[in-house]
Amino acid sequence: MTAAPIVPTLKTPRGRSTTPNEGRTASLLLSPTFLVLALVILYPLLSAVYQSLFSAESGLDEQGFVVEGDVFVGLRNYLDIFAGSESGRFYNALWNTSFFTFVSVALETVIGVAFAVAMNRAFRGRGFLRAAVLVPWAIPTAVSGLLWRWVFQSNGIVNTLTGTQVLWTAEGFASQVAVITAEVWKTAPFIGLLVLAGMQIIPEEVYEAAKLDGANAWKQFWSITLPMVRPALLVAVLFRMLDSLRMFDLPFVLIGPRKESVETLSILAWESSNQLEYGTASAFSIILLLYVAAIAFVFIKLLGADVVGSGAERKQRKARPAAAKGVSR
Amino acid sequence: MRQGRQKRRLIVGAALLATATMSLTACASGSGSTGGGSTPAATEELSGRGPITYVSSPDASGAAQTSVDAWNAEHPDEQVTWVELPLDADQQRQQMVQNAQIKGDAYTVLNLDVVWTSEFAANRWIVPLPEDALPTDELIPATVDAATYADQLFAAPYYTDGALLYSRTDLLTAAGVTEAPETWADLQAACDKVLALPEAAGMSCYAGQFDKNEGLTVNFSEAVASAGGSLFTEDGQPDVDTPEALTALEFLVDGFDSGMIPQDAITFQEEQGRQAFQEGKLVFLRNWPYIFNALSKTDGSSAVAGKFGVSPIPGEDGPGVSTLGGRNIAISSFAENKATALEFIQFFTGQEQEESRLELSSRAPVYGSFFEDEAVVAKYPYLPTLLSSLENAAPRPKVVQYGETTAAIQDEVYSAISGDKSPEDALADLQASLEEIVG
């Protein structure tokens, strides 16, 4: 996850037709990769789908010992999730997951880009700042959850500094604010660094030309920097969204399990599996997978995030002369 | 054109492969899904000798390691290897359950929380111990009870834990209260007097563990038992929609409403409560014995060192009923060398090893005699109080689906104390969800 690709520079031989023979060799050479992928991705996925069609039925015999067996229930696990007596919990978790994702990713993007702009300036201690910014990203999420729990506890530093008595780690909107704060603190640097990398490949002449044309800093940012880091930014945002939709450890550690206001889909899946209801847990995971896939699809379609880098070359070639004239695309 | 056809062939191939994999998994889970199995064991023969593993949470004190070392020194051919699990109890349980589900023989001797014992026994993940395996007469009865399921002893009590009421004796004396509170009314009356003192400005009366986790189940079931009720009937049916449970829940809800329990106590787990008491913000605190050492520290970290005392927790009409914590040691059903395992358990939980561990660890032993031993009591002054607390302790609900049960209790009690539901509604809903879980 951390080693996210910035605009890949790999040149794909486009336009040149491949002979069938070459295609066969390519498939042959790639087959070990496909085999490994099938083993570590396809198989667990299919097995999860399969398992989600079963339910563990258990009862006690007259001596008080458990008699159990997996029963095929078809789509009943899904039906229960969407329309059963506990469906309210699912919709609440779905809402929380989406709410956390969109709010925190939006904040992270704004703050991350601001970081990148600041770090892109030449000043003393820039190297130090870049390293310092990475610290939150390097801290394991569970640890940062504990750290923020300590910050937000009732006699913690937040309440002391603001002179309030807000119960951040209990329930309600305050606890959602706590989770979002910690999440943004941790992951804004990730966006910042990816955007910074994108910024550093913008040639200096472009800015010089813009200055000659009398563009102020604000205009330069909107018309040059932002359009030119767009591919890197979109990939970073996409990665963050996919990551954030699976959010588990931060609310779990910072606020705790079974807290309605911060319960996410991953927490529901964890809880089912903890209670040995692997069928329901698999169903939750499959639903989450589909949801994540749908969001990613919409994101790529709407904003044209260039994940595989196929069009990067072409776009950059197009963007350069356009930006050189100081015109935004 | 040609490539298109090739692609299609590839997809068909992949689909075929997928179907094949699916049917393969079908076979695999089909054969594995018939759990349970043979007739209830009337103590099968524990046989086999050789190396075994001891699967346990980490022990920072190092006391358990010395016991294992002592065993290993005497038994070169039956070595015990310590398999250390994560500190988090849920993760320990999950790993042990997973090992049991694949019937793995990697784990021999399991260190179980008392509340998991029923679940492991009912699923036959652990084997019953022979009748005469343990000197049950010398053990504290509540600990033996917590290791028993369906009238069979399934585990050996390892250490035990019970609730204590910590109180600020300096302030109580200043306010003219000489007796530790025995009832909730006494508690309130003592607080009223203490909080009127100028030196008690800004303090709150009472706190326990009210955050939504296991601590809340503990505090609620203690309150119910202390009001003379019980969460489950003798034959294991849920019984929470009762006047006693209502009294108990109202004690907590009214406590929050009247300010007797501070608002922020709803975020307290064990440690937050300890901090608040240690900083001098609470008159009374319900907690476990382990915080005694931290509170007594004279290096400046504790504002209450030498200013507090312990007593059994209060109840509705008299002393309250503590819940029982602690750990049991059991033998996995799927392990080899069970005879060695049994001997190791007898050695490990025997009086001699319990005594030598007292040097290093403050965990309360399960033999009643230690609680009256003067040398031991000099070191751990809370032990006599703990013993009287344990003598009328009640185990937490002994149900097989403990995970779901405690979750349901936490859900409903938390919504009552946070004001989302009336106590009556919360208890009615709790009864309904417990019936669904048990039934």
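**Figure 1. Secondary structure and burial in chain A of the predicted model**. Chain A of this predicted model contains 13 helices and 2 strands. The chain has 329 residues, of which 44% are buried. When contacts in chain A between residues at least 6 apart in sequence are considered, 69% of them join residues at least 24 apart.

**Figure 2. Crossing of helices α3 and α7 in chain A**. Helix α3(A) spans residues 87-120 and helix α7(A) spans residues 173-200. Their axes come within 5 Å and cross at roughly 40 degrees. Because of this angle, α3(A) is oblique to α7(A). The handedness of the crossing between α3(A) and α7(A) is right-handed. Residues in the contact of α3(A) with α7(A) comprise 21 nonpolar, 9 polar and 2 charged.

**Figure 3. Surroundings of Lys212(B)**. Lys212(B) lies in the loop of chain B that runs between β8 (204-207) and α8 (214-226). With a relative accessible area of 8%, Lys212(B) falls under the 20% cut-off and is therefore buried. Its side chain reaches into chain A, where the backbone oxygen of Arg258(A) is at 2.4 Å. Within chain B, the side chain of Lys212(B) also makes a polar contact with the side chain of Asp411(B), at 3.3 Å. Neighbours within four places in sequence being left aside, the residues of chain A in contact with Lys212(B) are Glu171(A), Pro257(A), Arg258(A) and Lys259(A). From chain B, Gln410(B), Asp411(B) and Tyr414(B) are in contact with Lys212(B).

**Figure 4. Buried residues of helix α15 in chain B**. Helix α15(B) covers residues 383-391. Its buried residues include Leu383(B), Leu386(B), Leu387(B) and Leu390(B), together with Thr385(B) and Ser389(B). In an α-helix there are 3.6 residues a turn, so residues three or four places apart point the same way. The buried residues of α15(B) pack against two helices of chain B, α5 (141-146) and α14 (374-379), and against the strands β6 (156-161), β7 (164-167) and β10 (309-311).

**Figure 5. Crossing of helices α9 and α17 in chain B**. The axes of α9(B), residues 243-258, and α17(B), residues 423-438, come within 10 Å and cross at roughly 130 degrees. That angle makes α9(B) oblique to α17(B), and the crossing of the pair is right-handed. Helix α9(B) contributes Ala245(B), Leu246(B), Leu249(B), Glu250(B) and Val253(B) to the contact. Helix α17(B) supplies Pro423(B), Glu424(B), Ala426(B) and Leu427(B). By class, the residues of the contact between α9(B) and α17(B) are 7 nonpolar and 2 charged, with no polar residues.

Terms used: Residues are numbered from 1 along each chain as its sequence is written. Chains are lettered from A and ligands numbered from 1 in the order in which they are written. This is a predicted model: local features need pLDDT of at least 70, side-chain atom pairs count only at pLDDT 80 or more; totals for chains, interfaces and linings use all residues. Side-chain values use heavy atoms; hydrogens and water are left out. Helices (H or I, at least four residues) and strands (E, at least two) are DSSP runs, numbered from the N terminus. Buried means under 20% relative accessible area, exposed over 50%, partly exposed in between (1.4 Å probe, protein chains only). A polar contact is a pair of N or O atoms within 3.5 Å; within protein, one must be able to donate a hydrogen and the other to accept it, and residues adjacent in sequence count only if both atoms are side-chain atoms. Contact means heavy atoms within 4.5 Å. Axes are lines fitted to C-alpha atoms, for helices over the stretch in contact, and angles run from 0 to 180 degrees between N-to-C directions. Angles under 35 degrees count as roughly parallel, over 145 as roughly antiparallel, 65 to 115 as roughly perpendicular and the rest as oblique. A crossing is left-handed if the near helix is turned anticlockwise from the far one by less than a right angle, and right-handed if clockwise. Ala, Val, Leu, Ile, Met, Phe, Trp, Tyr, Cys and Pro count as nonpolar, Asp, Glu, Lys and Arg as charged, and the others, Gly among them, as polar.
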